[in-house]
There are 2 protein chains.
Amino acid sequence: MDECKVIIMGFGSVGQGVANAISMKKDLIYEKTGVAVKVVAAADSSTSAISQDGLDEKLLVETKKNEGKLSAYPEFGCDTNGVDVLDAVEYDCLIEATPTNIVDAEPALSLTLKAFEQGKDVVTSNKGHLALKFREVVGAAEKAGVQFRYEASVGGAMPIINLTKETISSCKIESIKGILNGTTNYILSRMTSEGSAYEVILKESQELGIAETDPTQDVEGIDAACKTVILANSLLGIDATYSDVKVKGISDISSEAIELAKKDDYLIKLIAEVSPDNLQVSPRLVKRGSSYDVSGTLNMATVKTDLAGEISVIGLGAGSLETASAMLTDLISILKNKN
Amino acid sequence: MDECKVIIMGFGSVGQGVANAISMKKDLIYEKTGVAVKVVAAADSSTSAISQDGLDEKLLVETKKNEGKLSAYPEFGCDTNGVDVLDAVEYDCLIEATPTNIVDAEPALSLTLKAFEQGKDVVTSNKGHLALKFREVVGAAEKAGVQFRYEASVGGAMPIINLTKETISSCKIESIKGILNGTTNYILSRMTSEGSAYEVILKESQELGIAETDPTQDVEGIDAACKTVILANSLLGIDATYSDVKVKGISDISSEAIELAKKDDYLIKLIAEVSPDNLQVSPRLVKRGSSYDVSGTLNMATVKTDLAGEISVIGLGAGSLETASAMLTDLISILKNKN
């Protein structure tokens, strides 16, 4: 394989990050794998740009930023969208970066299954299809004999899935415990350092763009619960789905509770727990100075193993280029495995 | 490849850990790679046990523990030692776990180069040959077309080399900063929590077996400096050797200095820094609650990248099974790459 033709589906923050990252790292990818990466299509929610000869990644990002839709891409912009994009051009790998949908997992589910049917490898940052139908999706990839990687779906730039599967492959994983949502960690960190009320910090976080206008997915623990299910399935072999996770968010944590914890040198954190008998996301007391004492939008996870004791990893849980870097590492691994 | 015949050179804590870990993980390795691992030789500093049909890993460990030397292994014990072991039996992979020698890197250097000449893959936990002659050793492996892996040489069970090379392969590494020696971290942690003098804690650490009878390698920063050089070469592409590292240990850190730091919410840690213009091991002030605030014998490292921001990893820097787990992961990677 000398060339890898990729389609980027979803062109929000993560999709644009992937385009920028590919533009920056083409030479590095070629150096590591001997393969030239070419973007042959990119699609936002309703339009796309498609060219078998390849698109300019920077121009894709500029077009989306300035014109609001990829159909405005010079010469190759069009109204093809959704799964039709996968029929409109020859490609080798789908980079799936559409928004997570925890109701029916669309459009990620249809896009991913269609790519598998077409015999294509897939890299995803999406949590919806993995949280709702992990076995079905991974099973379909296995049946099709293609590679499917999803490091970016948990923890953004924090490498937890590949770390556990590949970098400590000699170990059995007994449990994982961590902070898997950056927005709630930011809110709790500021409530702790400033003594302010939840509502005050949430509002400021929304103004800063750290929390969404509708913050439910983050503050009610839904996002962290999706990630909990993905880790349970992929790293502990637990056959679970989203509804198996006990979830409690942070919206009723009072500044008084945080002050009380501080007096005894404790912090309140939204902790995800993954073990064969416990799938849970809930506010928990953690000791100040422990490995769970990470602040701001950072994510962290501690993996308990049979041979290596506990291994912890800390990294940025979100961000455009940061999340894209995880997807690019997945792409590099796919290309290495092919050659 | 259906079978992998391994030789374990060095049968102290790490070598015995490897034998135990292989015994525990044969099925897992077979499951992951389709290859059956067989120990055909194991050698301590002056004797060995050798059998082309395979040795019993648990009996090797028992023999060494009870009789003090591997020549006491039933039927297959003998006085063959050093590089001669590599000529005495057919093998596929050398697991090199002899003690680090920072003067002339022997016997690791001769063993490793001979294995390469014989076209064999090598997994090592040794720091000496890598710290003194990184380019020569890695160059010899490349020339011979064999695989050479050394995760266990830095940070024991803390995965830093494979993490950086494989799990964040899309990123350029700008610098690494961390705590790479567990003994000094233990001493400084206890000086901080108890307010005791260096000499008092050192003595207790020696009684507990955490510090060596001659603690120079650890407390003067030599061990951390070796690891600094290995990270510089392997992850930042810096052509450096041991003498290029500026080293200052912890033996003149007073309890007064630690108390003074604590008043402003700082800790004193022995920090290793790796960047293109700075290779250094020295006691530094770090903020309490920062990612450098890890206590006891833990190791940690923060990798600064171009795309993913900072990624930190924390793990046990030593221990028999813990270090062996890193070597077994390296062996699994070698077997996967072969198939």
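Select A:P107 to begin: this residue sits in the loop between β5 (93-96) and α3 (108-117) of chain A. The peptide bond leading into it from A:E106 is cis, with omega near 5°. Now go to chain B and pick B:P107, in the loop between β5 (93-96) and α3 of chain B. Here too the bond, running from B:E106 to B:P107, is cis, and omega is near 5°.

Before going on, note that this is a predicted model. Chain A has a mean pLDDT of 96, and 100% of its residues reach 70 or more. For the complex, the predictor gives an ipTM of 0.94 and a pTM of 0.94.

**A loop residue in chain A**

Next select A:E75, in the loop between α2 (57-67) and β4 (77-78) of chain A. Its phi is near 70°, which is a positive value in a residue other than glycine.

**Two helices of chain B**

Show helix α3 (residues 108-117) and helix α4 (residues 128-144) of chain B, whose axes come within 10 Å and cross at roughly 5°. With angles under 35 degrees counted as roughly parallel, α3(B) and α4(B) are therefore roughly parallel to each other. To see where they touch, select B:A108, B:L109, B:T112, B:L113, B:F116 and B:E117 on α3(B). On α4(B), the residues to add are B:G128, B:H129, B:K133, B:V137, B:A140, B:A141 and B:A144. Colour this contact by class and it shows eight nonpolar, three polar and two charged residues.

**The seven-stranded sheet of chain B**

Stay in chain B and display strands β1 to β7. They form an open sheet of seven strands with mixed pairing, in the order β4-β3-β2-β1-β5-β6-β7. Which strands stand at the edges? They are β4 (77-78) and β7 (148-149) of chain B; each has a single partner strand, so one side of each is left without a neighbour in the sheet.

Zoom in on the β7(B) edge. Strand β6 (residues 121-124) of chain B runs parallel to β7(B), and two bridges join them. Opposite B:V122 you will find B:F148, in β7(B).

**The sheet that spans both chains**

Now show both chains and colour them separately. A second open sheet has 12 strands, again with mixed pairing. Its order is β9(A)-β11(A)-β10(A)-β8(A)-β12(A)-β13(A)-β13(B)-β12(B)-β8(B)-β10(B)-β11(B)-β9(B). At the edges are β9 (246-247) of chain A and β9 (246-247) of chain B, each pairing on one side only.

Start from the chain A part. Strand β10 (residues 266-275) and strand β11 (residues 278-287) of chain A are antiparallel and share 10 bridges. A hairpin of two residues joins β10(A) to β11(A). Among the bridge partners, A:S275 is matched with A:N278, and A:I268 with A:L285.

Helix α9 (residues 222-236) of chain A packs on this sheet, where it touches β8 (173-179), β9, β10 and β11 of chain A. The direction of α9 in chain A makes about 40° with that of β10(A). In chain B, helix α9 (residues 222-236) also packs on the sheet, touching β8 (173-179), β9, β10 (266-275) and β11 (278-287) of chain B, and its direction makes about 40° with that of β10(B).

Return to chain A for β8(A) and β10(A), an antiparallel pair with three bridges. Select A:G178 to find A:A272 of β10(A) standing opposite.

**Where the chains meet**

Move along the sheet to the crossing point between chains. β13(A) and strand β13 (residues 310-316) of chain B pair in the antiparallel sense over three bridges. Which residue stands opposite A:V313 in β13(B)? The residue is B:V313.

Widen the selection to the interface: 33 residues of chain A are in contact with 33 residues of chain B. On the chain A side, α1 (13-33), α5 (161-167), β13 (310-316) and α11 (320-338) each supply at least two residues. By class, the chain A side has 16 nonpolar, 11 polar and six charged residues.

**The axis**

Finally, superpose chain A on chain B. A rotation of 180° with 0.0 Å of shift along its axis does this, with an RMSD of 0.0 Å. That is the relation of a two-fold axis. In chain A, the C-alpha nearest the axis belongs to A:V313 and lies 2.2 Å from it. The same surface serves both copies, as 100% of the contact residues of chain A recur in chain B.

Key:
Residues numbered from 1 in each chain as written. Chains lettered and ligands numbered in written order. Predicted model: local features only at pLDDT ≥ 70, side-chain atom pairs only at ≥ 80, totals over all residues. Least-squares fit on C-alpha atoms with pLDDT ≥ 70 in both. Contact = placed C-beta atoms within 7 Å. Pairing = 2+ DSSP bridges. Helix = DSSP H or I, 4+ residues; strand = E, 2+ residues; numbered from the N terminus. Nonpolar A, V, L, I, M, F, W, Y, C, P; charged D, E, K, R; others polar. Axes fitted to C-alpha atoms, helices over the stretch in contact; angles between N-to-C directions. Parallel < 35°, antiparallel > 145°, perpendicular 65-115°, else oblique. pLDDT = per-residue confidence, 0-100.
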